[in-house]
Amino acid sequence: MVIRVEPNSKQAYNLLHKGILSLARAERQGICIDMKYCERQQKTLSRKIAWAEDQFRKTSFYKDWKTSIRHEPNIYSPQQLGKFLYEVKHIRQTRQTKSGAGAVDEEALESLNIPELQILLSAKKLKKIRDNYLAGFMREAVNGVIHPSFNLHLVKTFRGSANNPNFQNIPKRDKQAKLITRKALIPREGHQLMEADFGSLEVRIAACYHQDTTMIKYIKDESTDMHRDMAQQIFKLSNFDKHNRAHGILRTAAKNGFVFPQFYGDYYLPCAKSLAKWGQLPEGRWNKHDGIDIGGIKLSDHLINQGIKSFNGFVNHIQDIEADFWENRFPVYARWKERWWNAYQRIGQFSMLTGFTCVGEMGKNNAINYPVQGAAFHCLLWSLITLDKFIIDNELQTRIIGQIHDSIVLDIYPPERQIIIDAITDITTRQLLNEFKWIIVPLKIDFEIGEIDGSWADMKEIEN
DNA sequence: GGAACTCGCCAC
DNA sequence: AAACGTGGCGAGTTCC
């Protein structure tokens with residue numbers, strides 16, 4: 001299968017031409033690395049990893065493993081671990097990989113309830129931080145600066161990508177991993193790091209394609225909140241308090257376990273499983289004491305009271321919600337998906353709003369997602385080009401140092417901080433809408449900034 | 001001895 | 001019928 005994507009307009013060609021020049025400037029600038037910190041951290045991590053490995057090797061689990069194969073197993077080999085668990089010990093697989101082997105990823109191992117494996121998992125996590133990230137930074141550093149490549153020619157959807165090292169997958173959600181890795185990335189002396197990212201960019205760009213009135217209202221009216229509404233519907237909450245911790249978790253569950261997967265083309269069964277996991281509900285019969293606490297009552301108890309008595313009942317419930325989501329809440333969006341898919345099937349290609357044509361064999365989810373992902377990235381790229389020109393024209397000392405799909409990362413010269421914030425705000429929320437007339441919803445830009453001589457680990461949101 | 005593959009996991 | 005979109009990277013493993 002070959003998918004050809006090409007600019008079909010002068011404007012689209014210019015975007016790539018100018019885009020790669022601006023990204024080349026970011027590459028040449030690079031990002032400073034605290035080499036001394038990296039060396040210290042590597043030593044600390046190595047000590048912790050060695051300790052965890054020691055602990056693991058003392059367990060009877062490990063000894064049985066070693067005995068079974070008559071030599072030292074490689075404890076980091078998924079194949080060897082899978083063989084021991086599923087072929088020697090005959091433990092029932094909870095899930096399989098694509099090729100049919102028993103899965104041994106974190107989720108699969110957790111579900112086996114073997115405490116010894118927790119030690120192995122913790123060692124693996126630390127090893128990844130040390131070898132994948134810190135070692136990668138140090139390997140790529142030249143005079144204390146890394147110069148990641150930012151590519152525009154590798155992604156099917158015409159997004160960008162980054163490598164050597166990959167600047168776009170540095171840990172952010174896991175607190176420990178975030179802290180250790182991002183502390184290594186620092187601004188130039190006397191400067192500060194800043195990241196400007198579009199809020200819910202893909203949702204907004206999708207709305208430019210389907211023009212669903214309900215979705216546009218969610219975007220335009222800041223007192224509404226799609227994820228909150230879905231959390232209430234999914235978990236049958238009669239009220240919602242955004243300061244309530246449990247409600248916050250259920251909102252995140254709705255967002256990451258239902259709304260986004262549905263937008264990417266997922267369906268109710270995996271959604272129900274993911275939602276149950278968020279709420280810590282088992283995939284079987286429920287009793288009153290299952291799930292997270294939602295204010296004096298367990299989630300399972302609450303749902304049982306609402307008539308959902310088991311995981312199976314919950315699956316049916318989510319199936320109903322899925323139907324309601326597309327048939328009643330976002331019917332225009334749903335019709336656009338069908339129209340778009342039918343048109344693609346007739347002619348074997350489609351064009352993005354930014355003037356790029358995709359030709360080739362695609363499944364339904366691909367054909368629907370590519371134009372959104374591509375056009376959203378092009379909004380970021382146009383903004384980056386325009387900001388770069390602003391920096392050059394005004395002879396500023398601030399530099400763009402990278403791009404992460406819907407965000408721009410900068411090394412800020414502190415006296416220029418407000419000038420840059422104002423420029424980015426103007427470019428992303430006004431000039432961009434003037435350049436791309438098809439953008440029919442407002443766009444939103446958020447800023448995070450670090451301390452002067454701080455690191456990328458301690459970024460704070462700024463009110464704009 | 002290296003290419004190509006699998007698996008797992010990090011980001012948006 | 002099908003069923004989550006896009007990448008990069010490291011380590012282990014298999015194939016030539």
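The sheet I would like to start with is an open one of three strands, in the order β3-β2-β6, with antiparallel pairing. Its edges are formed by β3, residues 145-146, and β6, residues 185-186; each has a single partner strand, so one side of each is left without a neighbour in the sheet. Please keep in mind that we are looking at a predicted model.

Let us take the pairing of β2 with β6. Strand β2 spans residues 31-33, and its antiparallel pairing with β6 runs over two bridges. Within that pairing, Ile33 has Leu185 of β6 as its bridge partner.

I turn now to the nucleic acid. DNA strand B is surrounded by 19 residues, and the closest are Ser99, Val104, Asn169, Lys172 and Arg173. Of the atoms of DNA strand B that come within 4 Å of the protein, 86% belong to sugar and phosphate. By class, the protein surface near this strand comprises seven nonpolar, five polar and seven charged residues.

Three of these contacts can be described at the atomic level. For Ser99, a polar side-chain atom lies 2.4 Å from a phosphate oxygen of DNA strand B. For Val104, the atom concerned is a backbone N or O, at 2.6 Å from a phosphate oxygen of the strand. Arg173 again uses its side chain, in which an N or O atom is 2.7 Å from a phosphate oxygen of DNA strand B.

Next, a single residue in a helix. His227 lies in helix α10, which covers residues 226-234. Is His227 buried or exposed? With a relative accessibility of 9%, His227 falls under the 20% limit and therefore counts as buried. Leaving aside residues up to four places away in sequence, His227 touches Arg251, Ala254, Lys255, Val259 and Phe260.

Finally, the cysteines. How many disulfides does a search of the whole structure find? The search returns zero. Why does Cys208 not form one? The closest cysteine sulfur to that of Cys208 is in Cys379, at 7.5 Å, which is too far for a bond; a disulfide requires the two sulfur atoms to be within 2.5 Å. Cys208 is also buried, having a relative accessible area of 4%. The case of Cys358 follows a similar line of reasoning: its sulfur is 15 Å from the closest cysteine sulfur, in Cys379, and that too is too far for a bond. Cys358 is buried as well, with a relative accessible area of 0%.

Conventions. Residues numbered from 1 in each chain as written. Chains lettered and ligands numbered in written order. Predicted model: local features only at pLDDT ≥ 70, side-chain atom pairs only at ≥ 80, totals over all residues. Heavy atoms only, no water. Buried < 20%, exposed > 50% of the residue type's maximum accessible area, 1.4 Å probe, protein only. Helix = DSSP H or I, 4+ residues; strand = E, 2+ residues; numbered from the N terminus. Contact = heavy atoms within 4.5 Å. Pairing = 2+ DSSP bridges. Near = heavy atom within 4 Å. Polar contact = N/O pair within 3.5 Å; in protein donor to acceptor, adjacent residues only side chain to side chain. Nonpolar A, V, L, I, M, F, W, Y, C, P; charged D, E, K, R; others polar.
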